[in-house]
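Please open the model in your viewer and keep the selection tool at hand. The stops below suggest what to select next and what to look for there.

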Amino acid sequence: MTKKSILLMQETTKEQLQTLKELAPEYELIKGWETDGKEISLESVEIIYGWTGQYSQELLENEKSQLKWAQGKAAGVDFLDLGKLKQKNILLTNGSGIHSVPIAESVFGILLAYARGIQKSVKDQQTKTWEQVDKLMELHGKTIMIVGTGKIGLEVGRLAKAFNMKTIGVNRSGRDVEYMDQLIKQPELVDQVKQADIVINILPHTDQTHYFFNQDIFSQMKKGTLFVNVGRGPTVKTDDLIAALDNGQIAFAGLDVFETEPLPEESALWDRENVLITPHITGIAEHFKKRLFAIFEENLKAYLAEEKLPVNLIDYDQQY
């Protein structure tokens, strides 16, 4: 009988490998990150760690596949075949929470780059131009609307309170969330968005959130709103965002994610002085390896005990 195996697509430390050997001695550990394009046997793989869609066809289409659980390394799962995973009753957990600190810090880095003139100063430095501005914005006292109040939104809210900002959280249920002065449901956003000086999009991409930010919402924003997208690119209709930038409804957009990635060279976003583009880097975490393994370890203990996976189990109907 073929021994069951765990396919490791995320590099692990010696200590982490030893932990896995002690937790799951009956499983063979396959260091998938070391294969360097070499063929590996996947028929024995029951668990995959650090999955970003590698070997999807072999794992999901092969009738001999034994895959039962995949631990993803990203927070988003919209790039995976959720329908096929559900059909085959494969458990899926994601990396939600790992990225909350770096993304929240990036949000404020992006905002400060614009509000305190840092973005312009960086450009001026390249041409050795000394040009002081006479008007800059303070975050202190501003109202920030955080659309998506999961772990990232919670951390954004916590940091916002350090700037003495008013926080408005937006989620599907309107449930209370720490660090939010006010909570509203997603359908109410179009009527409430005028309250905000700053809007932060942290939505996942689902059927319900596709082009969630469009002309209908942009047109209701306060003139001169700052907009930051660190959620998913397809939740924003790019043409409508550009129109809102053109008419001044949005004064500045900080964008880390896009409908098409990499962002095409011909995109009108590249040449705009009121847009700051980062190449999908806000989630890069200094302590990523440690945080992801902590999620996997806790879930693995539950999996081996035949218990429900306790951390970040994806609801296929909700798509996150």
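## A buried aromatic pair and its surroundings

Begin by selecting Tyr49 and Phe296, both of which are buried. The model you are looking at is predicted, and every value in this tour is computed from it.

With these two side chains displayed as sticks, look at the rings of Tyr49 and Phe296, which form a stacked aromatic pair with 4.2 Å from centre to centre and 20° between the planes. This pair links distant parts of the chain, since Tyr49 belongs to strand S3 and Phe296 to helix H10, with their positions 247 residues apart in sequence.

Now add Phe293 to the selection. How are the rings of Tyr49 and Phe293 placed relative to one another? Their centres are 6.2 Å apart and their planes stand at 80°, so this pair is edge-to-face; the angle exceeds the cut-off, which is over 60 degrees for that class. Here too the pair links distant parts of the chain, with Tyr49 in strand S3 (residues 45-51) and Phe293 in helix H10 (residues 288-304), 244 residues apart. Tyr49 has a relative accessible area of 0%, and Phe293, at 5%, is likewise buried.

Extend the selection to Trp69 and Tyr303, and you have one aromatic cluster made up of Tyr49, Trp69, Phe293, Phe296 and Tyr303. Over the whole structure, a search finds 11 aromatic pairs.

## Stepping back to the whole chain

Clear the selection and switch to a cartoon view, in which the secondary structure comes to 10 helices and 12 strands. Along the principal axes, the C-alpha atoms fill a box of roughly 75 × 45 × 35 Å. The radius of gyration is 22 Å, which agrees with the value near 20 Å that a compact globule of 320 residues would have.

If you colour by accessibility, 49% of the 320 residues count as buried. The protein exposes about 16700 Å², and carbon and sulfur atoms supply 47% of that area. Colouring by charge brings out 36 positive and 46 negative side chains, and the centres of these two sets lie 4 Å apart. A contact map would add that, among contacts with a separation of 6 or more, 59% join residues 24 or more positions apart.

## Two loop residues

Select Lys237 next, in the loop between strand S10 (225-229) and helix H9 (238-246). Is Lys237 buried, partly exposed or exposed? Its relative accessible area is 31%, so Lys237 is partly exposed. Setting aside residues up to four places away in sequence, Lys237 touches Tyr211, Phe213, Asn214, Phe218 and Glu259. To follow one of these contacts, draw a distance between the C-alpha atoms of Lys237 and Phe213, which are 24 residues apart along the chain and separated by 6.3 Å.

Move on to Ala75, which lies in the loop between strand S4 (69-72) and helix H3 (82-87). Ala75 counts as partly exposed, at 30% relative accessibility. Beyond its neighbours up to four places away in sequence, Ala75 touches Asn94, Gly95, Ser96, His99 and Arg232. A C-alpha to C-alpha distance drawn from Ala75 to Gly97 gives 7.6 Å, for a separation of 22 residues in sequence.

## A buried strand residue

For the next stop, select Val275 in strand S12. Val275 is buried, with a relative accessible area of 5%. Which residues surround Val275, leaving aside neighbours within four places in sequence? Val275 is in contact with Gln119, Leu245, Phe252, Ala253, Leu255 and Leu269. Of these, Ala253 can be picked for a distance: the C-alpha atoms of Val275 and Ala253 are 4.9 Å apart, while the two residues are 22 apart in sequence.

## Backbone details to finish

Most residues other than glycine have a negative phi, and most peptide bonds are trans. With that in mind, select the peptide bond from Glu261 to Pro262, which is cis, with omega near -5°. Pro262 has its place in the loop between strand S11 (250-255) and strand S12 (275-277).

Then go to the segment after H10, where Glu306 lies. Phi of Glu306 is positive, near 60°, and Glu306 is exposed, with a relative accessible area of 75%. The last selection is Gln319, also in the segment after H10, which has a positive phi of about 70° although it is not a glycine.

Methods:
Residues are numbered from 1 along each chain as its sequence is written. Side-chain values use heavy atoms; hydrogens and water are left out. Rings of Phe, Tyr and Trp (its six-membered ring) pair if their centres lie within 6.5 Å; planes under 30 degrees apart count as stacked, over 60 as edge-to-face and the rest as tilted. Helices (H or I, at least four residues) and strands (E, at least two) are DSSP runs, numbered from the N terminus. Buried means under 20% relative accessible area, exposed over 50%, partly exposed in between (1.4 Å probe, protein chains only). The radius of gyration is taken over C-alpha atoms; the globule rule is 2.2 Å times the number of residues to the power 0.38. Contact means heavy atoms within 4.5 Å. Accessible areas come from the Shrake-Rupley method with a 1.4 Å probe; for residues, only the protein chains shown count as cover. Lys and Arg count as positive and Asp and Glu as negative; His and the chain ends are not counted. The place of a charge is taken as NZ of Lys, CZ of Arg, CG of Asp or CD of Glu.
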